[in-house]
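Here are some short exercises to work through with the model open beside you. Try each task before reading its solution.

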Amino acid sequence: MKVFVFDSSKCNGCYGCQLACKDEHWNNEWLPYALPQPDTGHFWCKMTQTDHGQVPKVRVEYTPHFCNHCDNAPCMAAAPEAVYKREDGLVIVDPIEAKGNKALVDACPYGAIYWNEELEVPQKCTGCAHLVDEGELPHCVDVCATGALRFGEESEFAEELDHAEVLASEEHGPRVYYLNMPHLFIGGEVWDPAIDEVIEGARVTLSGDVDMAAESDEFGDFWFRRIDEGNYTVTVQAEGYEVETREVKLEKSLNIGDIPLRRAAGNEVVDKEKPAVELDIEAPVGEPDVEVVEVGDVTAAMSVMSQAPDEDGGVMSKSGISKN
């Protein structure tokens, strides 16, 4: 049985998969699997972008959505005479048998089925069954430049699928798997207001619906990634400082901002008197030579302070010009 596997950590949001789907199916008829896709309105492969966090802690998530090719697909139950599952796992809406059945669009709880007004037929991702029959990859997978989107036998991905998740209900048996989805994050910065510097190596713990620990980096930043909505407590500790806590109700990725740490007793900043600076500079030797030059109505006086004798017994200016 075939599966689609998407690795979020490899996707750069080029939208190549979405464009490839349109390129393959617009104005092209692939019977017995699909009639031509209209030029607008249909997204059999739809890439979405989600912005997480607030400046300066921001992450962007890209996710492709298409038919989940469910083992227990609601669309098959709604129209068994028009929707079938191939032996390789791809779910097909028969464009001939399904003609005129607009209600089939609402049978999919994931919005993967579209209505072609001109042809009066419900349509969706076919997994590029016409290409798979020829031993080729679905076009969206074939053009993926980063290898984020893959397609193949479930057994080939067995080890990875142990760590994967699905976006559809598991009761429907979806065959599209997602790896390394970012979920939500909590981020912030630790700093010392007494010296106006960030604090590196502060221990930051997250407790509540999940327990995690991190350390502030060389920029004072800390992150708790791949967490879900919930109530959390962020606790910051560093040697020589008082403990700080923040209560967070997480509904979307959040930059909780700067967390200033107050210095504990015995770690106060002591102002030290700056020592006097002694200049070890010798005064110039000799008297300056002054040359007066007239240029038009302008009279300029140029002075060359002798610095040191040159090899011929004259004096050399700082610029290296010798005068005898």
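**Exercise 1. Classify Lys85 by its accessibility, then follow its salt bridge through the neighbouring charges.**

Step 1. With a relative accessibility of 22%, Lys85 counts as partly exposed, because the buried class ends under 20% and the exposed class begins over 50%. Keep in mind that this is a predicted model.

Step 2. Now look for a partner. Lys85 makes a salt bridge to Asp71, with the closest N and O atoms 3.4 Å apart. This contact links distant parts of the chain: Lys85 belongs to strand S4 (residues 83-85), while Asp71 sits in the loop between S3 and helix H2 (74-78), 14 residues apart. Asp71 is itself partly exposed, at 31% relative accessible area.

Step 3. Asp71 also meets the side chain of Arg175 in a salt bridge, at 3.2 Å from N to O. Here the two residues are 104 residues apart, with Arg175 in the loop between helix H6 (158-161) and strand S9 (176-179). Arg175 is buried, its relative accessible area being 5%.

Step 4. Arg175 has a salt bridge with Glu154 as well, at 2.7 Å from N to O. Glu154 lies in the loop between strand S8 (149-153) and H6, and Arg175 in the loop between H6 and S9, so this pair ties together parts 21 residues apart in sequence. Glu154 is partly exposed, at 30% relative accessibility.

Result: Asp71, Lys85, Glu154 and Arg175 are linked in a network of salt bridges. A search of the whole structure finds 13 salt bridges.

**Exercise 2. Work out which strands pair with S10, and in which sense.**

Step 1. Begin with the cover on S10 (residues 184-192): 7 of its 9 residues are buried.

Step 2. S14 runs antiparallel to S10, and 5 bridges join them. Leu184 stands opposite Ile227 of S14.

Step 3. S17 (residues 254-260) pairs with S10 in the parallel sense, over 5 bridges. In this pairing, Ile186 has Leu254 as its bridge partner.

Step 4. S11 (residues 197-198) pairs with S10 in the antiparallel sense over 2 bridges, and Asp192 stands opposite Glu197. S10 and S11 form a hairpin with 4 residues between them, where Asp196 in the turn has a positive phi of about 55 degrees.

**Exercise 3. Find the pairing partners of S15.**

Step 1. S15 is mostly covered, with 6 of its 8 residues buried.

Step 2. Strand S12 (residues 203-208) is joined to S15 by 6 bridges and runs antiparallel to it; Val204 is partnered with Val236 of S15.

Step 3. Strand S16 (residues 244-250) is joined to S15 by 7 bridges, again antiparallel, and Asn231 has Lys249 of S16 as its bridge partner. The hairpin of S15 and S16 has 6 residues between the strands, and Gly240 there takes a positive phi near 90 degrees.

**Exercise 4. Locate a charged and a nonpolar patch on the surface.**

Step 1. Asp209, Asp228, Glu229 and Glu251 form a negative surface patch. Glu229 falls in the loop between S14 (221-227) and S15 (230-237), and is exposed at 54% relative accessible area.

Step 2. Val55, Val58 and Val60 form a nonpolar patch on the surface, together offering about 260 Å² of accessible area. Val55 occupies the loop between S2 (45-54) and S3 (57-66), and is exposed at 74% relative accessible area.

Key:
Residues are numbered from 1 along each chain as its sequence is written. This is a predicted model: local features need pLDDT of at least 70, side-chain atom pairs count only at pLDDT 80 or more; totals for chains, interfaces and linings use all residues. Side-chain values use heavy atoms; hydrogens and water are left out. Patches are made of residues with over 30% relative accessible area and no salt bridge: like charges are joined within 9 Å, nonpolar side chains (Val, Leu, Ile, Met, Phe, Trp, Tyr) within 5 Å. Accessible areas come from the Shrake-Rupley method with a 1.4 Å probe; for residues, only the protein chains shown count as cover. A salt bridge is a side-chain nitrogen of Lys or Arg within 4 Å of a carboxyl oxygen of Asp or Glu. Lys and Arg count as positive and Asp and Glu as negative; His and the chain ends are not counted. The place of a charge is taken as NZ of Lys, CZ of Arg, CG of Asp or CD of Glu. Buried means under 20% relative accessible area, exposed over 50%, partly exposed in between (1.4 Å probe, protein chains only). Two strands pair if DSSP finds at least two bridges between them.
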